[in-house]
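Please open the model in your viewer and keep the selection panel at hand, since each stop on this tour begins with something to select.

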Protein chains: 2
Amino acid sequence: MRVIGGKWKGSILWHLQDGPVRFNELSRQLGGASKKMLVQRLTEMEQQGLVKREVISERPIAVTYEITGFGRTALGVLEQLKDWAIEYDI
Amino acid sequence: MRVIGGKWKGSILWHLQDGPVRFNELSRQLGGASKKMLVQRLTEMEQQGLVKREVISERPIAVTYEITGFGRTALGVLEQLKDWAIEYDI
DNA sequence: CAGGATCCAACGTGATACTG
DNA sequence: CAGTATCACGTTGGATCCTG
């Protein structure tokens, strides 16, 4: 729960599924999330090994976040959870 | 996540596995949980259909909480989560 | 562009005391 | 026994402004 719980981590992993995404793009995709929130979650997820942060360029700075192998296993668990939620209509 | 997330729900379901448990007994089994917390979680879980509350006697009042069929499916999902957590040593 | 710093409101939580 | 009520507190999150 510490690793995959909370309101945003699942959505973040989901949006990183198909390749690296830049910070602001991710921010847009996640609609209701403030930038501060997103920074907090991403930092946390990087330390937990769920995502990998990569600086693409400086001036102007560009950063991408990419899901790791471990992150994909977490996403798998979340898929199980989703199937269960759908099955019981929650 | 709304249904099985958080710090306590998993433990509560776990302790109800083998039959109904009274409030205070559950409180003792869950060590660090305050009574207030426990009431909140149990009320919430009753409304979500995870547990069933039953008044056994009044004066002195006795109440038990029992896991429902739906609660057992939730426990199943949590088992998956646990296996994953163990596999990756979190 | 990708954050960091700051301020403030809302919420969750624990401790304690009380009740039918 | 199984809660309810109240308060004090720390944490969390959003909003806003700032920066290399």
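Copies of a chain are superposed here by least squares on the C-alpha atoms of residues with pLDDT of at least 70 in both. This is a predicted model, in which local features need pLDDT of at least 70 and side-chain atom pairs count only at pLDDT 80 or more, whereas totals for chains, interfaces and linings use all residues. Residues are numbered from 1 along each chain as its sequence is written, chains are lettered from A and ligands numbered from 1 in the order in which they are written, and side-chain values use heavy atoms, with hydrogens and water left out.

**The pair of protein chains**

Select chains A and B together: chain B is superposed on chain A, with an RMSD of 0.1 Å, by a rotation of 180 degrees and a shift of 0.1 Å along its axis. The two copies are thus related as by a two-fold rotation axis. To find that axis from the side of chain B, pick Gly5(B), whose C-alpha is the nearest to it in this chain, at 3.2 Å. Of the interface residues of chain B, 100% are also interface residues in chain A, so the copies meet through the same surface (contact meaning heavy atoms within 4.5 Å).

**Residues 1-90 of chain A**

Next select residues 1-90 of chain A, which UniProt lists, in an unreviewed entry, as "domain: HTH hxlR-type"; UniProt positions are given in the numbering used here, feature names are shortened, and annotations may be inferred rather than shown by experiment. Over this range the chain is 51% helix and 17% strand, and the end C-alpha atoms are 19 Å apart. Helices (H or I, at least four residues) and strands (E, at least two) are DSSP runs, numbered from the N terminus.

**The sheets**

Staying with chain A, show the open sheet of three strands, which has the order β1-β3-β2 and antiparallel pairing, where two strands pair if DSSP finds at least two bridges between them. Here β1 (21-22) and β2 (51-57) of chain A stand at the edges, each with a single partner strand, so one side of each is left without a neighbour in the sheet. Two bridges join the antiparallel strands β1(A) and β3(A), and Val21(A) can be found opposite Tyr65(A) in β3(A).

Now move to chain B, where three strands again form an open sheet, in the order β1-β3-β2 and with antiparallel pairing. Strand β2 (residues 51-57) is joined to β3 (residues 62-67) of chain B by six bridges, the two running antiparallel. Among the pairs to select, Val55(B) has Val63(B) as its bridge partner, and Val51(B) has Ile67(B). Between the two strands of this hairpin lie four residues, and Arg59(B) in the hairpin takes a positive phi near 50 degrees.

**DNA strand C**

Select DNA strand C and the 15 residues that surround it, of which Asn24(A), Arg53(A), Tyr65(A), Lys36(B) and Met37(B) are the closest; a residue is near a strand if one of its heavy atoms lies within 4 Å of it. Of the atoms of DNA strand C that come within 4 Å of the protein, sugar and phosphate account for 60%.

Which polar contacts are worth displaying, taking a polar contact as a pair of N or O atoms within 3.5 Å? A side-chain N or O atom of Arg22(A) is 3.0 Å from a phosphate oxygen of DNA strand C, and a polar side-chain atom of Ser34(B) lies 3.4 Å from a phosphate oxygen of this strand. The side chain of Lys36(B) instead places an N or O atom 2.4 Å from a base oxygen of DNA strand C.

**DNA strand D**

Finally, select DNA strand D with its 17 surrounding residues, where Lys36(A), Met37(A), Lys35(B), Arg53(B) and Tyr65(B) come nearest. Sugar and phosphate make up 66% of the atoms of DNA strand D that come within 4 Å of the protein. Helix α3(A) gives the most to the surface near this strand, with four residues.

On the chain B side, a phosphate oxygen of DNA strand D is 3.0 Å from a polar side-chain atom of Arg22(B), and a phosphate oxygen is 2.7 Å from a side-chain N or O atom of Arg53(B). As a last selection, take Ile61(B), where a polar backbone atom is 3.4 Å from a sugar or linking oxygen of DNA strand D.

How values were computed
Polar contact = N/O pair within 3.5 Å; in protein donor to acceptor, adjacent residues only side chain to side chain.
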